[in-house]
Amino acid sequence: MSARQQTLAGEVTLDGHGVHSGLAARLSLKPAAPDTGVVFRRVDLEGAPEVPATLDHVADTRLGTTIQRGEARIMTVEHVMAALVAAEVDNVRVEVDGPEVPIRDGSFRDYFDAVRGVGMACQDVPARVLRLPTAGTVAGEGGERYVFAPAPHLAVTATIDFPHPSIGRQSGAFEVDAETFHSQIAAARTFGFEADAQRLRAEGLARGASLENSIVLGEDGILNDDLRFPDEFLRHKVGDLVGDLGLLGARLQAHVVAERPSHAGNISLARTMAMSARRDGREPVVDITRIMEILPHRYPMLLVDRITHYEPGRRVVGIKNVTINEPFFQGHFPGHPVMPGVLIVEAMAQVGGLLLMDEIEDPQSKVVYFMSLDNVKWRKPVVPGDTVVFELELLHFRRRICRMRGEGFVDGELVAEAELMATIVDR
C-alpha cells in the first residue's frame with residue numbers, strides 16, 4: 001500500500017450504455033488534486049453539477065448503487081468504484097454524460113485495466129486511511145449479515161446462497177490488493193434471472209441488460225456460453241462489496257466477513273464502520289484546559305469539549321457533548337429540546353478556530369473572527385444526549401484569511417455542514 005495519495009497520470013474515456021437505463025453512456029476519468037476524493041460530474045447537465053462519491057450521497061441501492069446531489073444522479077457507480085479502490089486511486093474526477101456509467105461487459109475489468117493502463121501519479125500528501133478500533137456486526141433487512149474486524153489491509157470473506165442449480169451456496173476469501181483483484185475478481189460479471197426480466201424492465205431497470213454484459217440465468221442453467229470462474233457469481237458480489245466500501249472516502253483497513261451481501265447491506269456496513277471509526281480516539285489530543293488557553297469563549301458560549309484528531313494545516317476533529325443542562329434548552333424549546341442551528345454552526349466554527357493553532361505565532365494573543373458562511377445545511381435535529389463530532393478541513397489559508405469546510409455527525413449521521421471564511425486578528 002502506498003503511504004501517499006494517488007491520482008491518475010492521465011485521462012482515459014470509456015463508452016458504452018447503461019445496464020438499467022439502456023441509454024448511451026460515456027465516462028471519463030481525469031486526474032484530481034490532493035484531498036479531492038472521488039467526485040462524479042454530470043457533464044450533460046447545465047453547470048456540470050458534481051456528486052462526491054460518499055455515503056452521504058447514496059440515493060438508491062436497488063440492483064446497483066446510485067448517488068445523487070440535487071438533480072444530479074448517477075446510477076451503478078460500484079464497478080468503477082471497485083476498480084479505483086483496488087488500484088488505490090484516491091483522487092479522481094469522473095465525468096459522466098448521462099444518468100448511468102457504462103456497463104461495458106458487466107465486470108470490473110475494463111475500468112481496472114483503464115486505470116492501470118493510464119498509470120498512477122503519487123501526490124505528496126498522506127493517504128486517508130480508515131482504521132477500525134474494534135470488531136462489530138451488521139444485520140441487513142434482507143438476511144444479509146456482516147462481521148468486521150481491524151486488519152492491516154482490506155480482506156473479504158464472503159458467502160452467497162441462491163436457490164438456483166447454477167449458483168447454490170458459494171464461499172471464498174480474497175485479499176483486496178491490485179494483483180489479486182486483477183486475477184481473481186475483476187473479470188467476474190454481474191448476473192440476473194431471466195424470470196425477472198419483464199418485471200424489472202417495467203420498473204425502468206435492466207433495459208440495457210443482455211448476454212453481452214450479464215450472466216443470465218434461465219430456469220435450468222445459464223444462457224451464456226460459459227462462466228469465467230466456477231464461482232463467478234460470488235466473485236462479482238465481492239467486487240460489488242469492494243466498490244460500495246469505496247464510498248467511505250478512505251482506504252479501509254479491515255477484514256469483512258459477509259453472508260449474502262447486497263448493495264443495501266453493503267451501505268449499512270460502510271455506515272456502521274464509519275461510525276465505529278469516528279468513535280475511536282476518545283482520548284483528547286487537545287483537552288479542555290488547552291482549548292480554554294486558545295479560545296476566548298467561556299460559559300455559556302464555549303461549545304467544544306475536546307479535540308480528538310489534529311493534522312496541522314489540514315484537518316481537525318472535535319467533540320461537543322450535548323446535555324439537558326445546556327442553558328439554551330430552557331427556551332429552545334420547552335418540552336421539546338432542540339439545539340439551535342446557529343449554535344451548531346458556532347460549535348463547528350470554534351473547532352475550526354482550533355485548526356489554526358499551528359498556523360500562527362502566539363495563538364493565545366489572537367482571536368478568530370468568522371467573516372462569512374456558505375452552503376449551510378442542517379440535516380437532522382441535535383438533542384440532549386447527542387455527541388456531535390465536528391470534522392473541519394482547511395481549504396485555503398493566506399495572509400490571515402482562511403477558508404474551511406465543516407461537517408457535524410451524530411452517531412455517524414450527518415447533521416450539519418457549512419463552508420466558513422475567517423480572519424485572524426490580535427486580541
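This tour goes through two sheets, one helix, one cavity and one pocket, saying at each stop what to select.

Before selecting anything, note that this is a predicted model, in which local features need pLDDT of at least 70 and side-chain atom pairs count only at pLDDT 80 or more, while totals for chains, interfaces and linings use all residues. Residues are numbered from 1 along each chain as its sequence is written, and side-chain values use heavy atoms, with hydrogens and water left out.

**First stop: the six-stranded sheet**

Helices (H or I, at least four residues) and strands (E, at least two) are DSSP runs numbered from the N terminus, and two strands pair if DSSP finds at least two bridges between them. Select β19, β20, β22, β23, β24 and β21, which in this order make up an open sheet of six strands with antiparallel pairing. Strands β19 (306-311) and β21 are at the edges with a single partner strand each, so one side of each has no neighbour in the sheet. The average turn between neighbouring strands of this sheet is 25°, direction ignored; here axes are lines fitted to C-alpha atoms, for helices over the stretch in contact, and angles run from 0 to 180 degrees between N-to-C directions.

Now walk across the sheet, beginning with β20 (residues 315-321) and β22 (residues 387-398), which are joined by seven bridges in the antiparallel sense. Within that pair, V317 has E391 of β22 as its bridge partner.

Moving on from β22, select β23 as well, and the two are seen to pair in the antiparallel sense over 10 bridges, with F397 partnered by C402 in β23. The same two strands, β22 and β23, form a hairpin with two residues between them, and R399 in the turn has a positive phi of about 50°.

Next, add β24, which runs antiparallel to β23 (residues 401-410) and is joined to that strand by 10 bridges. Two residue pairs can be picked out here: M404 has L420 of β24 as its bridge partner, and C402 has A422 of β24. Strands β23 and β24 also form a hairpin with two residues between them, where D411 in the turn has a positive phi of about 50°.

Stay on β24 (residues 413-426) and colour by accessibility, with buried meaning under 20% relative accessible area, exposed over 50% and partly exposed in between (1.4 Å probe, protein chains only). Because 10 of the 14 residues of β24 are buried, this strand is largely enclosed by the rest of the structure. The walk ends at β21 (residues 366-378), which runs antiparallel to β24 and is joined to that strand by 10 bridges; K377 has E417 in β24 as its bridge partner.

**Second stop: the five-stranded sheet**

Select β2, β3, β9, β4 and β5, which form an open sheet in that order, with mixed pairing. The edges are taken by β2 (12-17) and β5 (50-52), each with a single partner strand, so one side of each is left without a neighbour in the sheet. On average, neighbouring strands of this sheet are turned by 20° against each other, direction ignored. For a parallel pair, zoom in on β4 (residues 38-42) and β9 (residues 92-96), which are joined by five bridges, and where V38 stands opposite V92 in β9.

**Third stop: helix α8**

Select residues 341-354, the 14 residues of helix α8, which reaches 20 Å from its first C-alpha to its last, close to the 20 Å expected at 1.5 Å a residue; the expected span is 1.5 Å times one less than the number of residues. This helix is mostly covered, as 11 of its 14 residues are buried, among them L343, I344, V345 and M348.

**Last stop: empty space**

On a 1 Å grid over the protein atoms alone, a cavity is a set of points where a 1.4 Å probe fits but cannot get out, whereas a pocket is an open set with protein on both sides within 12 Å along at least five of seven lines, and lining residues have an atom within 4 Å of a point. Show V19, T76, H79, E100, V101, P102 and I103, which line the largest cavity, with a volume of about 40 Å³.

Finally, show L63, T190, F191, G192 and L200, which lie nearest the centre of the second largest pocket, among the 35 residues that line this pocket. Elements giving two or more residues to that lining include α1 (78-86), α4 (197-202) and α6 (263-278), and α4 contributes the largest share, four residues.

Note on methods. Points joined across faces, edges and corners; volume = space filled by probe spheres on them.
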